2 protein chains.
Amino acid sequence: MSRPLHPRQDSFRIECKDPCSHARCGVLETAHGAVETPVFMPVGTAGTVKAMSPGALEEMGSRIILANAYHLYLRPGEAVLERMAGLHRYMSWNRGILTDSGGYQVFSHRRLRTIREDGVEFRSHLDGSLHFLSPEDVVRIQETLGSDIAMVLDECTPYPVNRERARSSMDRSLRWARRSKDRHRNRGQLLFGIVQGSMYPDLRRESLERLVEMDFQGLALGGFSVGEPKPLMYDLVQELGPRMPADLPRYLMGVGTPLDLLFCVRQGIDMFDCVLPTRNARNGTLFTSRGRLNIRNATYRTQEDALDPECACRVCRRFSRAYLRHLHVSGEILSPILNTYHNLYFYLDLMRKIRQSIASGSLLELENHYRDQYRAAVRR
Amino acid sequence: MSRPLHPRQDSFRIECKDPCSHARCGVLETAHGAVETPVFMPVGTAGTVKAMSPGALEEMGSRIILANAYHLYLRPGEAVLERMAGLHRYMSWNRGILTDSGGYQVFSHRRLRTIREDGVEFRSHLDGSLHFLSPEDVVRIQETLGSDIAMVLDECTPYPVNRERARSSMDRSLRWARRSKDRHRNRGQLLFGIVQGSMYPDLRRESLERLVEMDFQGLALGGFSVGEPKPLMYDLVQELGPRMPADLPRYLMGVGTPLDLLFCVRQGIDMFDCVLPTRNARNGTLFTSRGRLNIRNATYRTQEDALDPECACRVCRRFSRAYLRHLHVSGEILSPILNTYHNLYFYLDLMRKIRQSIASGSLLELENHYRDQYRAAVRR
C-alpha cells in the first residue's frame, strides 16, 4: 500500500511480536501517558465508567478509557466542557481518553436521523431537540473535549446491507474522513480513521487502502457489533488485521468477549473497547477464570467462595458469592459497583496476560486455556 | 431511679463530660472493637450501606453501622445468615454492627400487619408472604445475625396517637422488652431496651423507669421521626436524655439533621442513626460546612469548586461541583457513590468535632457555628 512520506509523530512503537501470529506488544504514547498494547479500554460513555470512580480505575491499572463525543455534546454540552477546560479535568482523570465520534450512536437511532453529504441531522435521545453535526463539527467537539485520541465521524451501516449501499456509505465515510483530517488542528491529539464497508471484504480492503493514504495516526475497524454473525466478523478481522499498517495502532471498535479479544489480538489488533464487562456486571453476569456465571443463580445463596478464586481483585479478595448474590437480588447499588470492578479487572488482567504471553511466545496456550474454560462454560 | 445491683458487663465508660451541658464522651466496647461516642451509625438496612463498600466505610472512619433484623430476616433469611456464620462475615465487615429489631419497619407498613400480645403478624413487603415474629423470635434472629448490639422488639406508635393507645402500646412494649431480656443468651451481644410512650412525657418517664429496672446494657429513645413536630421531639429529648442512666449508652433512634445531633448530644445522647445523609445523597442533597445544597441546581453547571471546600474527604479533594452535577443529572451510578461518601464523611466528621468540642469545652461554640450555617442556608 502506498503511504505518504512526510513525517508523522512517532506516537506508537512495537516492542515485540508473537512468532506464531500477527500479535504484537506495543506502546502508544498519549498526551496523558503511555499505554501498553494490546489494551482494553473501559467504556465511559457520558464521562464516567458506570459505577466506577476514577480512583478505582487507576487502582485496577486502567491506562486509557473511552468516552463518547455524541453523548457529551448533548450533555453536559460543548460550552460546559470548554469552560471546564476539557474532559480530563472535568472528570478528574489524568490518564488516556479516546473519544468515539458518535457515528455508531447516531446511526443506531435510525428513526431519529437524516444523513446528508454535509453531515448528519439527528434528534437528541434525551429531549428530542434537533441537531446537525458535520464531520468538522465532530472534530471540533473532540478538540474541545481534549481527548488523547479522536475518531473521525463515519457512517456505520446496519447489518445486513446490500453492496450498493455499503459502497456508497463507505465512500461517504471516506470523504468525511478526509474532511476530518483536514480540519484537525490539535497536535497533542491523535486522530484515527475508521475502516467501513460492511461485511464485503473487497470494500473493506478498499476503505483501508484509501484511509492509509490519508495518513491517520491510527486506524480502526468500525461497523462491527451491529448484529452480524460472529464467524463473519472473525473472517473479516483475520483478513484485515494483518493488512493494516504495521506501524500504526489498530483498533477494533466495540468488540468483544474474552475469546474475541484473544482471537483478534492474533490478527494483529492492538486496541479494544466494549460495553460487555460493564453492562454484564450490572446484569449480574460475571467473568471468571472458569467461564461466565450469573450471580443471580440460587446455587450461590450460601457459597462462601470468592467469585473467582483465581482472581486477585479487591472484590474477590473480600466478598463471597453468597453476598454478591444477595446484593444483586436485593437491587443494592453496591452490586453494580462490586460486579463492575471485578469484570473490568478481569478484562484488564486478561490483557496483561495477553501482553506477557506475546512477549514469552505462549499466546496460543493462553488462548487454548481460556477457550477450554469458556467453551465448557457455554456447554454447562 | 432504682437499679438492680447485680453486676453487668462494663461495656461502656465515660471519658469526659461537657461542663455546660449533659454531653459526654464515652467508649462503647463491642465484640468488634471500641466505638467512641457520641457516634453516628450509617444505616445499612439490608446488610449494605447503600452505595458504600465496607472498605469505603473503614476509610472514612466508621466504627459501627446499623442493619435491620426485619429486612435481613426476609432476605436473605435466617437460614442463609446462620449458614454464613452471621452478618459480619457475610458482608465482610469486621467492625461494630447494631441491629434494629424491625419494630419501626413492621409498624410503618400499617395495612400489612396485626399486632397481638404474643407478637406481630405481617406480610412481607417483598412478596406478600405471611410471617409471625414474637419478641423472642426477634432476639433469636439477632443472635443468629451476631450483631454487637441487639434491640428489643417494640411497638412503634404512629403520630399522633391518643393517650390511651399510647399507654397500652407502651405497656405492651415493656412486656415484650422483659420477654426479650429473658430470652437473650448471647453474652457477647449487648441488648438495648427502647423507651416508648409517644409524645406524652409522663408515659415516656414511666417507660424509662421500668426499662431501667430490667437492667439493659443500653437504652434507646424510640418512636421519634414518625412525623411529629420537631419542637416536640426536642422537648422530650431534653426531658428524657438527662434522666437516662448516666452509666449506660443512650441511643436516639432515627434522628436526625446536623443541628438535631448537636442539640441532642447536649441532652446527653450518645448514639444516633439516620437515613438522612445516605438518602439525601441519592436525591442530590448534600451537607456542607456552609449548609445544604442541591447538586441538581443549574448554578453548579460550571463550578469548579469542591462540593465543600472545607471538607477533607476523597470526593471534595478530587471532584468539582460541575462534575457531581453532571453525574446526578445524567443518572449515573457514580453519583450516589460520591454523594453518599461525602454525606457520610460529613456526618462522621461532625461527630469527631463534637467529641473534640466536648473534650475541650467548646461544644456550644461548635453548635452555634453550625447553626449559623444551617439557619442561613435555610433562609437562602
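**Exercise 1. Place strand β2 of chain B among its neighbours.**

Start with β3(B), residues 33-37: 5 bridges join this strand to β2(B), and the two run antiparallel. Strands here are DSSP E runs of at least two residues, helices are H or I runs of at least four, and both are numbered from the N terminus. Two strands pair if DSSP finds at least two bridges between them. Within this pair, B:V27 stands opposite B:E36 of β3(B). The connection is a hairpin through 2 residues.

Now take the other neighbour. β1(B), residues 12-17, pairs with β2(B) in the antiparallel sense, over 5 bridges. B:K17 has B:R24 in β2(B) as its bridge partner. A hairpin of 6 residues links β1(B) to β2(B).

The model is predicted: local features need pLDDT of at least 70 and side-chain atom pairs 80 or more, while totals for chains, interfaces and linings use all residues. Residues are numbered from 1 along each chain as its sequence is written, with chains lettered from A and ligands numbered from 1 in the order written.

**Exercise 2. Explain why β2(B) counts as largely enclosed by the rest of the structure.**

Apply the burial cut-offs. A residue is buried if 20 or more other C-beta atoms, placed from the backbone, lie within 10 Å of its own; 12 or fewer makes it exposed, and values in between partly exposed. Then count along residues 24-30. Of the 7 residues, 5 are buried, so the strand is largely enclosed.

**Exercise 3. Compare the span of helix α6 of chain A with the expected one, then find its packing partners.**

The helix covers residues 163-183, 21 in number. The expected span is 1.5 Å times one less than the number of residues. From first C-alpha to last, α6(A) reaches 30 Å, close to the expected 30 Å.

Next, list buried positions. Among them are A:M170, A:L174 and A:W176. The buried residues of α6(A) pack against α5 (135-145), β11 (190-195) and α7 (201-213) of chain A. Contact requires C-beta atoms, placed from the backbone, within 7 Å.

**Exercise 4. Describe the contact between chains A and B, and state the confidence scores.**

Chain A gives 29 residues and chain B 30. On the side of chain A, the elements with two or more residues are α2 (69-83), α3 (87-91), α12 (321-329) and α13 (334-360).

The model scores ipTM 0.96 and pTM 0.96. Mean pLDDT, the predictor's confidence per residue from 0 to 100, is 95 for chain A.

Key:
Contact = placed C-beta atoms within 7 Å.
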